[in-house]
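Got your viewer open? Here is a short tour, stop by stop, with something to select at each one.

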Amino acid sequence: MATESQDAAEKGAELVFHPMDQFIVKPLFGDGAVGLFTVTNVTLWMAITVICVIALLVLGTSGRSVVPTRIQSIAELCYGFIRKMVEDVAGKDALPYFPYIMTLFIFIVFSNFLGLLPGAFTTTSHIAVTAVLAMAVFLTVTLMGFFKHGLGFLGVFWIGSAPLPLRPILALIEVISYFVRPVSHSIRLAGNMMAGHAVIKVFAAFAPMVMISTGIGLLVTPLSILAITAIYALEVLVAFIQAYVFTILTCVYLKDALHPGGH
Amino acid sequence: MATETTAAEGGHVSPLSLEEAGKCVDSHGGAIGMPQLCGEWMGNQIFWLLVALVVIFFILSRIALPRIASILAERQGSITNDLAAAEDLKAKAVEAEEAYNKALADARAEAQNIVAQAKADIQGDLDEAIAKADAEIAAKSAESEKAIADIRASALDSVKVVAKDTAKEIVASMGSKADAKTVTAAVTARMKG
């Protein structure tokens, strides 16, 4: 033990890898356990998300100007983007569900981008969060499908255009894929967010290499800083794309519920 | 026991005992495995997520979305209005251009009329003046002719008188007393011939 710590002292420092520490849920006040209603960093960052949503969509549009200000035009852009997506993918009769889908999109996109701030906590990197979002979509869509079409909703599993002998097999595959939907839906988002953030942390852990070993460090430190920059740029892209993918898949599922068998 | 020794070795007097923090965080406050899979935190996350979603949903559906929809509708309306107004103005401009062209054509026609009128007037005046001048010339020439005729007549008379007198004198000087009457008759006859 003593020699080890001496070695470490001679080196001056060690590389420390804690890529997953950024995902720890902590109480904001005090050090107690995390209960159901404890105010944690999750609460903080979700509150910041809500505040950003209000700032963009409510305060940004408070001018109601015909010629929009910059923030108002961003708000209008978001509105038009999601509304057009709902209309194009799920059809005009899906428009009553537009506020619901807009809520999902705006929450995910703000959480993803806020998570990219250094030191931030990324709420959408947690499977608990994305699973709730995905299950909400899954349950809504399934219940609505049965409510609207009764047992006719099961037609979504019966591919009318396939040859008759193949239909039972396809139906089985369709049923399996239907129930896998919420799993892939949630893990896709959480996994993407978690992986990118963890990779950034790993590269960040390599960055102080020059302080430990000058020789290798001269090569490794600039490379890892470059890698952090590159991954960060990629993450900015992923932050938007994952929110987009989550939303458009919700629209696709909604279309299935509104028009089962209408391929 | 084991955790206590590691905490001691790490030199931290961590306030987080395992009982408090659960099994997701080690004594240094580092994550054990994936924090995403820590069951103890999920309830908290789900609770706050539902709160956030409900808040966002109500803000969007009650305030933000209707407001943006009304802004967009208003803009669409004003664009349509402006386009209609522009169409009106364009029609008016075309109308104005037509009126202008018509006025121009009218003015041109009037100008031509005035020119023709003036020409006719001038021609009339000219004709009148020429006619007057012609009449005057005719009158003057008639007068002159009369005067010439008078002069000619008086000259003839003078010639007659002179001829008679001369003939009388010649006859007298030739020695014979001439009858005045005879001489006159003879002279007159001769002058006629």
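Before the first stop, a word on element names: helices and strands here are DSSP runs, numbered from the N terminus, and a helix needs at least four residues. Keep in mind too that this is a predicted model.

**Stop 1: a loop with an unusual phi**

With that numbering in hand, select A:R64, which sits in the loop between α2 and α3 of chain A. Check the backbone: phi of A:R64 is near 50 degrees, a positive value in a residue other than glycine. Most residues other than glycine have a negative phi. As for the surroundings, A:R64 counts as partly exposed, at 42% relative accessibility.

**Stop 2: chain B on its own**

Now hide chain A for a moment. What is chain B built from? There are 4 helices and 0 strands in it, so to speak an α-α-α-α run from the N terminus on. Colour chain B by burial and you'll find that buried residues make up 15% of its 193 residues. Of the contacts in chain B with a separation of 6 or more, 18% are between residues 24 or more positions apart.

Next, pick B:A64, in helix α3 of chain B, and draw a distance to B:D106. The C-alpha atoms of B:A64 and B:D106 are 62 Å apart in space, with the two positions 42 residues apart in sequence numbering.

**Stop 3: where the chains meet in the core**

Bring chain A back and stay on B:A64. Is B:A64 buried or exposed? B:A64 is buried, with a relative accessible area of 0%. Leaving out residues up to four places away in sequence, B:A64 touches A:L57, A:V58 and B:I59.

Now move to B:L60. With the same kind of neighbours left out, B:L60 touches A:V53, A:L57, A:P99, A:M102, A:T103 and A:I106 from chain A, plus B:L65 and B:P66 from chain B.

B:L60 is also one of the residues with the most contacts inside the largest nonpolar core, along with A:L57, A:M102, A:I106, A:F107 and A:L133. That core has 70 residues. To see where they come from, select α2 (41–59), α3 (70–90), α4 (98–115), α5 (127–149), α6 (167–206) and α8 (214–258) of chain A together with α3 (39–173) of chain B: each supplies at least two residues of the core. In soluble globular proteins, nonpolar side chains tend to be buried together.

**Stop 4: a closed cavity**

How many cavities of 30 Å³ or more does a search of the whole structure find? The search finds 1, with a volume of about 40 Å³. Show A:Y97, A:Y100, A:I101, A:V137, A:T140, A:V141, A:T250 and A:L254 as sticks, and you have its lining. In chain A, α4, α5 and α8 each supply at least two lining residues, with the largest share, 3 residues, coming from α5(A). By class, the cavity lining has 6 nonpolar, 2 polar and no charged residues.

**Stop 5: the largest pocket**

Switch on a surface and look for the largest pocket, which holds about 350 Å³ of space. It is lined by 19 residues, and the closest to its centre are A:Q22, A:L117, A:G119, A:A120 and A:K201, so centre your view on those five. 

Three helices of chain A, namely α2, α6 and α8, each supply at least two residues of the pocket lining. Of the elements, α6(A) gives the most, with 4 residues. The pocket lining divides into 11 nonpolar, 5 polar and 3 charged residues.

**Stop 6: aromatic rings**

Finish with the rings. A search over all chains finds 16 aromatic pairs. Select A:F81 and A:F240: their ring centres are 6.0 Å apart and their planes are at 35 degrees, so the pair is tilted. This pair links distant parts of the chain, since A:F81 is in helix α3 of chain A and A:F240 is in helix α8 of chain A, 159 residues apart. Both rings belong to partly exposed residues: A:F81 has a relative accessible area of 30%, and A:F240 has 35%.

Now add A:Y244 to the selection. Are the rings of A:F240 and A:Y244 stacked or edge-to-face? Their centres are 6.3 Å apart and their planes are at 20 degrees, so the pair is stacked; planes under 30 degrees apart count that way. A:F240 and A:Y244 both lie in helix α8 of chain A, 4 residues apart, about one turn of the helix. A:Y244 is partly exposed as well, with a relative accessible area of 30%.

For a last selection, take A:F138, A:F146, A:F153, A:F157, A:Y178 and A:F179, which ring pairs link into a cluster.

Notes
Residues are numbered from 1 along each chain as its sequence is written. Chains are lettered from A and ligands numbered from 1 in the order in which they are written. This is a predicted model: local features need pLDDT of at least 70, side-chain atom pairs count only at pLDDT 80 or more; totals for chains, interfaces and linings use all residues. Side-chain values use heavy atoms; hydrogens and water are left out. A nonpolar core is a set of buried Ala, Val, Leu, Ile, Met, Phe, Trp, Tyr and Cys residues joined through side-chain atoms within 4.5 Å. Buried means under 20% relative accessible area, exposed over 50%, partly exposed in between (1.4 Å probe, protein chains only). Contact means heavy atoms within 4.5 Å. On a 1 Å grid over the protein atoms alone, a cavity is a set of points where a 1.4 Å probe fits but cannot get out, and a pocket is an open set with protein on both sides within 12 Å along at least five of seven lines; lining residues have an atom within 4 Å of a point. Grid points are joined across faces, edges and corners, and a volume is the space filled by probe spheres set on the points. Ala, Val, Leu, Ile, Met, Phe, Trp, Tyr, Cys and Pro count as nonpolar, Asp, Glu, Lys and Arg as charged, and the others, Gly among them, as polar. Rings of Phe, Tyr and Trp (its six-membered ring) pair if their centres lie within 6.5 Å; planes under 30 degrees apart count as stacked, over 60 as edge-to-face and the rest as tilted.
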